[in-house]
Amino acid sequence: MTQAFPLPKQHLSDKVEHFTESVIREMTRRAMQYGAINLAQGFPDFAAPAEIKKAAQDAIAADVNQYAITWGAKDLRNAIARQLKVWQGIEVDPEREVVVCCGSTEAMIATLLAICNKGDEVVVFEPFYENYGPDSILSGAKPRFVSLRPPQAPRGEWNFDEQELREAFQHHTKAIILNTPNNPTGKVFSRKELELIRDLCLEYNVLAITDEIYEHILYDGAEHISIASLDGMRDRTITINGLSKTYSVTGWRVGWAVAPSTVTNAIRKVHDFLTVGAPAPLQEAGAAALGLPPAYYKDLAEKYRARRDHLIPALEKAGFHCYLPRGAYYVMTDISGLGFNNDVEFATYLVQDIGIACVPGSSFYKHPKDGSQQVRFAFCKKPETLDEAAERLQKFRAHL
Ligand code: GLN
């Protein structure tokens, strides 16, 4: 055997030099290494609905084992179009305006690859779900960040400065990436905020790419509004969603993008050469999932509310300052009262010594110092898991 030497850097793409591996997924590996409770990566530790598992099993038994149509099985595209009409009043042509991808992760990067040229900019609210940074870079675009500022009042909202947003639209801006309900803040963008974003998109001829993967996970009467439903936005919005969060099947990798046909055609081309298609039997199960009755979504949101209200008091008791989420299944916390130098030191201590994995706040910011006193916890877990986390948090409190 010849010894392997590291290849010199010039063999690598310059692009990959500009971002690191996902910290969220790294924290999952560390949780496994230390036998910690994983409140880092956002995936449920409870079962998916029996009906949809059965639909997946039936599809495999019926030999739906070969490629689906590259841009998505007809049944699933039809179901996506039907549900967008029901939930948001948006008319979609499933033949020309839908692309099914390997998760909303692929839908996002395929969209950016399909619309961006070198020199284009993409506006991103910060803190942001960490994929959006590398996605922009890989597509040749430059992300320009606009701050979401933490609430000042105890149960207040994260908000942004209108002037800062307007300024961000004036730099060869191709698109804005929105994520509502938002990861990691739990913010649910209001109609007024979306109208303001709409007005800027129209004024500066900018597209909106909206990641709505948490659309059904809402609390305290919050309402999810798709920006594509606002006047003037139907023809300049790419709406991204998927099965992962709504049906607790993050490993199935079925997501989609819905866009006007010209953009859809471009996304379909990119998607075809990236992955060819999402898993065929799971697309059939996806069509069944989208047919679940309204009571399913109500129950989903109510169960998540209970999980939120289970974890947050335990965190508060342990000394965290929590920003109450209105949607999605994460809680951003401020750790400045806990006496650690920064978020990474804190997260390392928590996973190794206390047995809880969280995500260091810096992974949601361009400049690590902006998130250095924040960490994010995911509460998409069984009550027993949250009980155990609460117990370990007490131990943490005692150590301080
Ligand atoms: N959205 C999830 C999170 O923020 C993870 C998604 C992923 O790892 N692909 O934790």
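Reader: Is Gly286 buried or exposed in this structure?

Author: The classes rest on relative accessible area: buried means under 20%, exposed over 50%, and partly exposed in between, with a 1.4 Å probe and protein chains only. Gly286 counts as buried because its relative accessible area is 0%. This is a predicted model, in which local features need pLDDT of at least 70 and side-chain atom pairs pLDDT 80 or more, whereas totals for chains, interfaces and linings use all residues. Residues are numbered from 1 along each chain as its sequence is written, and side-chain values use heavy atoms, with hydrogens and water left out.

Reader: In which element does Gly286 lie, and how far in space is Gly286 from Trp252?

Author: Helices (H or I, at least four residues) and strands (E, at least two) are DSSP runs, numbered from the N terminus. Gly286 belongs to helix H9, which spans residues 280-289. Between the C-alpha atoms of Gly286 and Trp252 the distance is 9.6 Å, with 34 residues separating the two in sequence.

Reader: How should separation along the chain be read against distance in space? Which values apply to Pro154 and Leu324, and which to Ala295 and Val123?

Author: Each pair has two numbers to set side by side. Pro154 and Leu324 are 170 residues apart along the chain, and their C-alpha atoms are separated by 8.3 Å. Ala295 and Val123 are 172 residues apart in sequence, and there the C-alpha to C-alpha distance is 36 Å. Pro154 is part of the loop between strand E4 (142-147) and helix H6 (162-168), while Ala295 is in helix H10, residues 294-317. Pro154 is classed as exposed because its relative accessible area is 61%; Ala295 is likewise exposed, at 52%.

Reader: How is an unusual backbone angle to be recognised? Which phi values belong to Asn205 and Arg253?

Author: Most residues other than glycine have a negative phi, and most peptide bonds are trans. Asn205 has a positive phi, near 55°, in a residue other than glycine. The phi of Arg253 is also positive, about 60°, although Arg253 is not a glycine. Asn205 is in the loop between H7 and strand E6 (207-211), and Arg253 is in the loop between strand E7 (237-242) and strand E8 (255-258). The relative accessibility of Asn205 is 57%, so this residue counts as exposed. Arg253, with a relative accessible area of 30%, is therefore partly exposed.

Reader: What is the geometry of the peptide bond from Glu126 to Pro127, and of that from Thr180 to Pro181?

Author: The angle to inspect is omega. The bond from Glu126 to Pro127 is cis, with omega near 10°. From Thr180 to Pro181 the peptide bond is cis as well, and its omega is near -10°. Pro127 is placed in the loop joining strand E3 (121-126) and helix H5 (132-138), and Pro181 in the loop joining strand E5 (173-179) and helix H7 (191-204).

Reader: Which backbone oxygen does the side chain of His271 reach?

Author: A polar contact is a pair of N or O atoms within 3.5 Å; within protein, one must be able to donate a hydrogen and the other to accept it, and residues adjacent in sequence count only if both atoms are side-chain atoms. The side chain of His271 reaches the backbone oxygen of Val276, at a distance of 3.3 Å. His271 sits in helix H8, residues 261-274, and is buried because its relative accessibility is 0%.

Reader: Which residues surround the ligand?

Author: A residue counts as near a molecule if one of its heavy atoms lies within 4 Å of it; the same limit serves for a strand. The residues around the ligand are Ile24, Arg25, Gln41, Gly42, Tyr129, Asn183, Tyr214, Lys245, Tyr330 and Arg376. Three of these can be examined by distance. A polar backbone atom of Gly42 is 2.7 Å from an oxygen atom of the ligand. In the side chain of Asn183, an N or O atom is 2.9 Å from a ligand oxygen atom. For Tyr330, an N or O atom of the side chain is 3.4 Å from an oxygen atom of the ligand.
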